[in-house]
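Work through these short exercises with the structure open. Try each task before reading its solution.

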Number of protein chains: 2
Amino acid sequence: MTADAQRFMRVAVDAMGGDFAPTAIVEGAMLAARERVGVTLVGVRADIERELQVFSDRGVLDVGVLDANDVVAMEEAPSTVLRRKRKASVRVAAEAVAGGQAAALFSAGHTGATVLAAHAAFGMLQGAERPALATPIPTVTGTAVLLDAGANVECRPTHLVRFAVMGTVFARVALGMEAPRVALLSIGEEETKGNDLIRDAHQLLKSAPLRFVGNLEARDLFTGQADVIVCDGFTGNIALR
Amino acid sequence: MTADAQRFMRVAVDAMGGDFAPTAIVEGAMLAARERVGVTLVGVRADIERELQVFSDRGVLDVGVLDANDVVAMEEAPSTVLRRKRKASVRVAAEAVAGGQAAALFSAGHTGATVLAAHAAFGMLQGAERPALATPIPTVTGTAVLLDAGANVECRPTHLVRFAVMGTVFARVALGMEAPRVALLSIGEEETKGNDLIRDAHQLLKSAPLRFVGNLEARDLFTGQADVIVCDGFTGNIALR
């Protein structure tokens with residue numbers, strides 16, 4: 001590999017979101033930059049620069065700063081933030097991705113605000129009905145991805161099928177799996193088990209062009225029997241906690 | 001206490017239901033009988049007697065046998081069992097309770113069949129809309145009870161309120177709590193968090209004559225913040241696994 005091939009993508013980082021921000025975020029960004037990730041820290045410039053000056057190797061690393069001066073509190077409603085605070089850090093970071101200045105967005109802040117900011121800035125891929133939160137989970141044989149982990153508390157059966165497609169793509173691209181096995185989180189392995197949502201989704205998944213392996217019980221989440229585990233956001237949140 | 005006060009209630013035990021039945025069931029019944037619980041073993045008499053003869057103290061303990069000759073397989077639909085097999089052990093055991101020959105029913109067999117047999121034999125208390133499975137769970141401060149753990153996969157908000165009432169009575173009578181704290185299992189503490197069912201149930205519970213302490217997240221199930229934890233049967237099953 002050449003040095004160039006080892007240079008990774010550029011990430012727009014919401015420096016103001018999350019516990020102990022911006023201190024912890026800037027420290028994490030420096031660690032990533034040392035691993036050859038390009039980082040653009042987005043937030044209140046003076047606050048970010050104060051944190052950056054602690055690091056003596058700052059000058060030799062690819063770490064930039066993008067100004068975003070609106071401050072968002074954890075308890076503010078995400079929709080309000082998006083409507084009223086045009087210079088909220090997560091919003092400016094998402095717009096940097098949409099404008100091609102970065103390839104990915106990272107925020108440790110409010111999950112709902114991050115999803116909404118990304119949705120507003122990038123929109124969705126064709127065919128995707130709703131964004132979902134995909135969470136990689138460790139299994140005895142490697143890694144699986146569970147979605148939705150909390151973005152959509154009410155789902156229709158077709159939503160779960162879309163999540164299965166999205167999870168399959170994620171498992172292929174991000175986890176390097178050739179033919180990810182898709183399972184539906186339920187309360188029994190038989191296709192008659194579950195609530196109306198799960199039973200209907202089971203029938204749709206059986207005829208979808210996916211490697212559907214059936215229902216998976218919550219106690220088997222970490223057994224490695226499936227690579228993509230699909231559920232509504234309410235159930236996903238309960239299962240992961 | 002007199003010897004008489006130490007004598008506990010009589011229990012009708014489904015000797016044929018569960019793993020390693022009737023061997024394991026009969027052994028457990030003998031252990032209970034040594035603790036002064038009266039036991040009526042219900043099932044195929046020859047099979048039960050064969051197991052009983054292993055125990056030399058059988059003759060001095062209060063262990064009876066009630067004949068029930070229909071054999072039920074684990075995979076049989078509970079409704080079929082109830083309709084066609086009048087002498088299924090769980091059914092005869094439930095009828096023994098309904099007829100006053102025992103005060104309680106125990107079965108380690110098919111949960112759905114047990115609930116249906118009990119429902120058919122005893123009916124429900126006035127005001128109860130649906131039976132629920134109540135599961136005692138250990139907490140850092142003692143014991144809580146979670147319901148529904150799987151009997152009702154689709155619920156309306158009023159069902160959850162009834163479960164809260166039933167759980168409160170259980171916590172008072174079986175766990176000896178004076179004023180059990182009731183919580184609603186959800187994905188966030190705020191009353192706006194959750195799906196439609198949870199949000200509507202939250203509003204009903206706030207005005208119910210119960211000690212409602214709000215939503216509880218799945219990660220806090222075992223913290224002792226609530227004594228009665230209410231949810232639909234699908235969610236309860238996912239949370240407990």
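**Exercise 1. Find the loop that holds P22(A), then the bond before that residue.**

Step 1. P22(A) sits in the loop between β1 (10-14) and α1 (23-34) of chain A. Helices (H or I, at least four residues) and strands (E, at least two) are DSSP runs, numbered from the N terminus.
Step 2. The peptide bond joining A21(A) and P22(A) is cis, with omega about 0°.
Step 3. F20(A) is found in the loop between β1 and α1 of chain A. F20(A) is not a glycine, yet has a positive phi of about 60°.
Step 4. Most residues other than glycine have a negative phi, and most peptide bonds are trans.
Step 5. Turn to chain B: a cis peptide bond joins A21(B) and P22(B), with omega about 0°.

Before going on, note how the model is described. It is predicted: local features need pLDDT of at least 70, side-chain atom pairs count only at pLDDT 80 or more, and totals for chains, interfaces and linings use all residues. Residues are numbered from 1 along each chain as its sequence is written, chains are lettered from A and ligands numbered from 1 in the order in which they are written, and side-chain values use heavy atoms, leaving out hydrogens and water.

**Exercise 2. Describe how β5(A) and β6(A) are paired.**

Step 1. Strands β5 (residues 135-139) and β6 (residues 142-147) of chain A run antiparallel, joined by 5 bridges. Two strands pair if DSSP finds at least two bridges between them.
Step 2. I137(A) stands opposite A144(A) in β6(A).
Step 3. The two strands, β5(A) and β6(A), form a hairpin with 2 residues between them.

**Exercise 3. Describe the contact between chain B and chain A.**

Step 1. Each side is counted: 19 residues from chain B and 19 residues from chain A (contact: heavy atoms within 4.5 Å).
Step 2. About 1,800 Å² is buried between the chains, and carbon and sulfur atoms give 66% of that. Buried area is the accessible area (1.4 Å probe) that two parts lose on being put together, summed over both.
Step 3. There are 2 salt bridges between chain B and chain A (a side-chain nitrogen of Lys or Arg within 4 Å of a carboxyl oxygen of Asp or Glu). In one of them, E217(A) pairs with R241(B), the closest N and O atoms being 2.3 Å apart.
Step 4. On the side of chain B that touches chain A, β7 (181-186), α7 (196-206) and α8 (233-240) of chain B each supply at least two residues. α8(B) gives the most, with 5 residues.
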